[in-house]
Amino acid sequence: MKAIWLENNKIQFKTALPEPSPKQNEALIKIDLAGICSTDIALIKGYYDFTGIIGHEFVGTVIKAIQAPELIGKRVVGDINMACRQCHFCQSGLSNHCENRKVLGILNHPGVFAEYMTLPVDNLHIIPDSVSNEVAVFIEPLAASLQIQQQINIENSDQVLVIGAGKLGQLIAQSLKTTDCQLAVSVRYEHQKQCLEKMGISNQDDIENISGKYDIVIEATGSENGLQQAIQCVKPKGRIVLKSTYANHAKINLSAIVVKEITLIGSRCGPFDKAINLLKNKQVQPQLLIDKIIDFDDALQAIHQAQQKGSLKIILKM
Ligand SMILES: [Zn+2]
Ligand SMILES: [Zn+2]
């Protein structure tokens, strides 16, 4: 099968890899669409040492599932963390932090920039008929956006700033718009601003001159400077949620965190069921964020385009 292979910070388009064969508890899935995420780009740049097929945002169709034949033919998305269910983290309900975990296309499990892949049946979520593939491919990053609301309580009176209006920042903004908080987003590029305007989300453009205004700041720039800006924009005793993974190490003035008594919260994967519900109810509109849908045969070029500054979502069509 065809797939995108990462090795030593270089990607190749391979055409003759063997089709994966599912274990007892797994399904074989034919990928229909796959989204290119900033984490994929960070992986290529060396954020994590991984050799193999990359990609983790997908929508696909179940071809084979030994223990769950009722899934065959169903359109699915999947949780990217595969837990051992034995370790003390798993036993205490923290399976996303399983010490033996595998992560789709990131850690010890081949990813979705391929024609086929496998995933445990327990990780799969069936997509409602009313949600198209082009929308469903956003379920995983939308779930990650919703994790913020799982971690912190957001009040109607809270002034909330999202720094960064790229692929993930836009989804975070749309998901926060479903709360009644006072939301603003710092936007750099005109087309990103237009996407936000369509959702009625206001723009905060001069964040360099803002100091101590926001109760909550979400850092989603994907660049190391984002956290420093967040520290400046947040109120004393405020909260900062970090969503970016950086390929490089950030240089931060940590004293400001002490002096302002800021709470800093890391945030990763989130609830798929909540993401699916928001999409079913059309409360978020991720299709606004599609830059291009590119044929899988041109995947290398697509990944190159996804690395351009300001790009929104590029989707591979298998
Ligand atoms: Zn991702
Ligand atoms: Zn475990």
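**Overall fold and local packing of the predicted chain**

Of the contacts in the chain with a separation of 6 or more, 67% are accounted for by residues 24 or more positions apart. The model discussed here is a predicted one. Its chain contains 10 helices and 19 strands. The radius of gyration is 19 Å, close to the 20 Å that the globule rule gives for 318 residues, so the chain is as compact as a globular protein of that length. Measured out along the principal axes, the C-alpha trace spans about 55 × 45 × 40 Å. Buried residues contribute 43% of the 318 residues.

A convenient place to begin a tour is the N-terminal hairpin. Here strand β1 (residues 3-7) pairs with strand β2 (residues 10-14) in the antiparallel sense, over five bridges. Within this pairing, Ala3 of the chain stands opposite Lys14 in β2. Two residues lie between the strands of the hairpin, and Asn8 in the turn has a positive phi of about 50°. Strand β1 also pairs with strand β4 (residues 52-53), again in the antiparallel sense, through two bridges. On that side, Trp5 has Ile53 in β4 as its bridge partner.

Attention can now turn to the helices. The axes of helix α4 (residues 139-151) and helix α9 (residues 272-280) come within 8 Å and cross at roughly 110°. Because angles of 65 to 115 degrees count as roughly perpendicular, α4 is described as roughly perpendicular to α9. From α4, the residues that take part in the contact are Ile139, Leu142, Ala143 and Leu146, and they meet Phe272, Lys274, Ala275, Ile276, Leu278 and Leu279 in α9. By character, the residues of this contact divide into nine nonpolar, no polar and one charged. As a reminder for reading such lists, an α-helix has 3.6 residues a turn, so residues three or four places apart point the same way.

Helix α7 (residues 225-233) offers a second view of helix packing. Its buried residues are Gly226, Leu227, Gln229, Ala230, Ile231 and Cys233. These buried residues pack against three strands and a helix, namely β12 (159-163), β15 (214-219), β16 (234-242) and α8 (255-259).

A small sheet comes next. Three strands, in the order β7-β8-β9, form an open sheet with mixed pairing. β7 (81-82) and β9 (108-109) stand at the edges with a single partner strand each, so one side of each is left without a neighbour in the sheet. Strand β8 (residues 102-104) runs parallel to β9, and two bridges join them. One of the residues involved is Val103, whose bridge partner in β9 is Asn108.

Asn108 deserves a closer look on account of its backbone. Most residues other than glycine have a negative phi. In Asn108, however, phi is positive, near 55°. This residue is placed in strand β9. A residue counts as exposed if 12 or fewer other C-beta atoms lie within 10 Å of its own, and Asn108 is exposed because it has 12.

Glu261 is another residue other than glycine with a positive phi, in this case near 50°. Glu261 is found in the loop between α8 and β17 (263-266). With 9 C-beta neighbours inside 10 Å, Glu261 also counts as exposed.

Methods. Residues numbered from 1 in each chain as written. Chains lettered and ligands numbered in written order. Predicted model: local features only at pLDDT ≥ 70, side-chain atom pairs only at ≥ 80, totals over all residues. Pairing = 2+ DSSP bridges. Helix = DSSP H or I, 4+ residues; strand = E, 2+ residues; numbered from the N terminus. Rg over C-alpha atoms; globule rule 2.2 N^0.38 Å. Buried ≥ 20, exposed ≤ 12 C-beta atoms within 10 Å, placed from the backbone. Contact = placed C-beta atoms within 7 Å. Axes fitted to C-alpha atoms, helices over the stretch in contact; angles between N-to-C directions. Parallel < 35°, antiparallel > 145°, perpendicular 65-115°, else oblique. Nonpolar A, V, L, I, M, F, W, Y, C, P; charged D, E, K, R; others polar.
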